[in-house]
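Here's a walk through a model, written for someone who'd rather have the contacts than the jargon. Have the sequence and the picture open as you read.

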2 protein chains.
Amino acid sequence: MKKLSGDILKSSALSITSSRTKILDIFLSSPTALAHQDIELKCKEKYDRVTIYRTLQTFMEKGIIHTIPSSDNITRYALCNDECIVAGHHHDNHVHFSCDACGKTICLDDTQIPTVKLPIGYHAHEINMIVSGVCKTCK
Amino acid sequence: MKKLSGDILKSSALSITSSRTKILDIFLSSPTALAHQDIELKCKEKYDRVTIYRTLQTFMEKGIIHTIPSSDNITRYALCNDECIVAGHHHDNHVHFSCDACGKTICLDDTQIPTVKLPIGYHAHEINMIVSGVCKTCK
DNA sequence: GTAACTGCAAAATATTTGCATCCTT
DNA sequence: AAGGATGCAAATATTTTGCAGTTAC
């Protein structure tokens, strides 16, 4: 059962505005992670570019979405699930997959990041694993 | 024993120019990964910003350096070691660490990325693991 | 009604491209 | 000498900031 954008905004103590609802709905209905530009295209001249920047920033601060590291200088965002926020800080523990063929990035929600032993003196706070290759639909 | 920039350029069939030598030397003497801006600062008005862009691009194409994925929209580069290029494609198998305190990113050359089992239908080509936290010197 | 959100303009920053000149081989 | 590399100018793209008008509660 899908969450409703309004409920998410309410539980984050954000006022329910047209742009936030729209952008959140886009995330809720997207199977892939989204870059600023993706959202801009999906909004089709409906909202200002700046509003999208600010909305994404607000969602980040509230822990509604998280960023996915990438090598290509494009910040992509995906919805956090409930387990994402543990003891106050962001902590999403799943692998991200980036398809070389279709270019899409998705969260492999059921694929846990394996543990890794760091050299002495290093303390991990957050771990990201990004696998690139060919996805299910492109293979 | 450290490699020499000249040798690296020669073995990549690149002509030995002042800017390439300088930028490569910066990498050879840097314990951390470097962003375009870091290099610009270390060059101190010596080379044009565009030259640095193009040099980094060239080094990437030749497999001399690799990028490290990040969430902050900054592309950081680090030298590839010999094992980086396996069977024609880039394949660096070590963990990258990004320190929240000093902001530096380093290659943990001796920390291998653990294997991960992907869902059926997904085929990995390259795997990146970025751990953020507090590094040895900042702890 | 008030505080917060949005759109527009513009500034600041980052990256790419074209071209004439210079350097490496 | 020839081809490639560099520097400069400028085009393009991206992100941030300020402010006035609008909207949610």
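## Salt bridges

A salt bridge here is a side-chain nitrogen of Lys or Arg within 4 Å of a carboxyl oxygen of Asp or Glu. One thing to keep in mind throughout: this is a predicted model. With that rule, A:Arg76 and A:Asp72 qualify, since their closest N and O atoms are 3.0 Å apart. The two partners sit in rather unlike surroundings: A:Arg76 is buried at 12% relative accessibility, while A:Asp72 is partly exposed at 38%.

Chain B has a salt bridge between B:Asp72 and B:Arg76, again with 3.0 Å between the closest N and O atoms. Here B:Arg76 counts as buried, at 13% relative accessibility, and B:Asp72 as partly exposed, at 38%. Another one in chain B links the side chains of B:Arg49 and B:Glu40, at 3.3 Å from N to O. For this pair, B:Arg49 is partly exposed with a relative accessible area of 45%, and B:Glu40 is partly exposed too, at 23%. Over all chains, the count comes to four salt bridges.

## Around A:Glu40

Over in chain A, A:Glu40 belongs to helix H3, which covers residues 36-43. At 22% relative accessibility, A:Glu40 counts as partly exposed, because the buried class stops under 20%. Setting aside neighbours within four places in sequence, A:Glu40 is in contact with A:Glu45, A:Arg49 and A:Ile52. As for A:Thr51, eleven residues away from A:Glu40 along the chain, the two C-alpha atoms are separated by 10.0 Å.

## A three-stranded sheet in chain A

Which strands make up the open sheet in chain A, and in what order? There are three, arranged E1-E3-E2, with antiparallel pairing. E1 and E2 (65-68) are at the edges, and each has a single partner strand, so one side of each has no neighbour in the sheet.

Now for the pairings themselves. E1(A) is joined to strand E3 of chain A (residues 76-79) by two bridges. In that pairing, A:Ala35 stands opposite A:Arg76, and A:Leu34 has A:Tyr77 as its bridge partner in E3(A). On the E2 side, E2(A) and E3(A) pair over four bridges, also in the antiparallel sense. There, the bridge partner of A:Ile68 in E3(A) is A:Arg76. That puts A:Arg76 opposite A:Ala35 and also opposite A:Ile68, on top of its salt bridge with A:Asp72.

## Loops worth a look

The loop between helix H2 (18-28) and strand E1 (34-35) of chain A holds A:Ser30. Is A:Ser30 buried or exposed? It counts as buried, at 17% relative accessibility. The A:Ser30 side chain reaches the backbone oxygen of A:Thr32 at 2.8 Å.

In chain B, B:Thr32 lies in the loop between helix H2 (18-28) and strand E1 (34-35). With a relative accessible area of 18%, B:Thr32 is buried. Leaving out residues up to four places away in sequence, B:Thr32 touches B:Lys104, B:Thr105 and B:Ile106.

B:Ile74 is in the loop between strand E2 (65-68) and strand E3 (76-79) of chain B, and is partly exposed at 37%. Beyond its neighbours within four places in sequence, B:Ile74 is in contact with A:Asn73 and B:Ala35. From B:Thr55, 19 residues apart in sequence, B:Ile74 is 17 Å apart in space, C-alpha to C-alpha.

## Where the chains meet

How many residues does each chain put into the contact? Chain A gives 40 residues and chain B gives 39. Together they bury about 3000 Å², with carbon and sulfur atoms giving 58% of that. There are zero salt bridges across the interface, but twelve residue pairs are in polar contact.

On the chain B side, strands E6 (94-99), E7 (105-112) and E8 (123-134) each supply at least two residues. E8(B) has the largest share, with twelve residues. By class, that side of chain B has 20 nonpolar, 14 polar and five charged residues. E8(B) also pairs across the interface: eleven bridges join it to strand E8 of chain A (residues 123-134), and the two run antiparallel. In that pairing, A:Asn128 stands opposite B:Ile130.

Key. Residues are numbered from 1 along each chain as its sequence is written. Chains are lettered from A and ligands numbered from 1 in the order in which they are written. This is a predicted model: local features need pLDDT of at least 70, side-chain atom pairs count only at pLDDT 80 or more; totals for chains, interfaces and linings use all residues. Side-chain values use heavy atoms; hydrogens and water are left out. Buried means under 20% relative accessible area, exposed over 50%, partly exposed in between (1.4 Å probe, protein chains only). A polar contact is a pair of N or O atoms within 3.5 Å; within protein, one must be able to donate a hydrogen and the other to accept it, and residues adjacent in sequence count only if both atoms are side-chain atoms. Contact means heavy atoms within 4.5 Å. Buried area is the accessible area (1.4 Å probe) that two parts lose on being put together, summed over both. Ala, Val, Leu, Ile, Met, Phe, Trp, Tyr, Cys and Pro count as nonpolar, Asp, Glu, Lys and Arg as charged, and the others, Gly among them, as polar. Two strands pair if DSSP finds at least two bridges between them.
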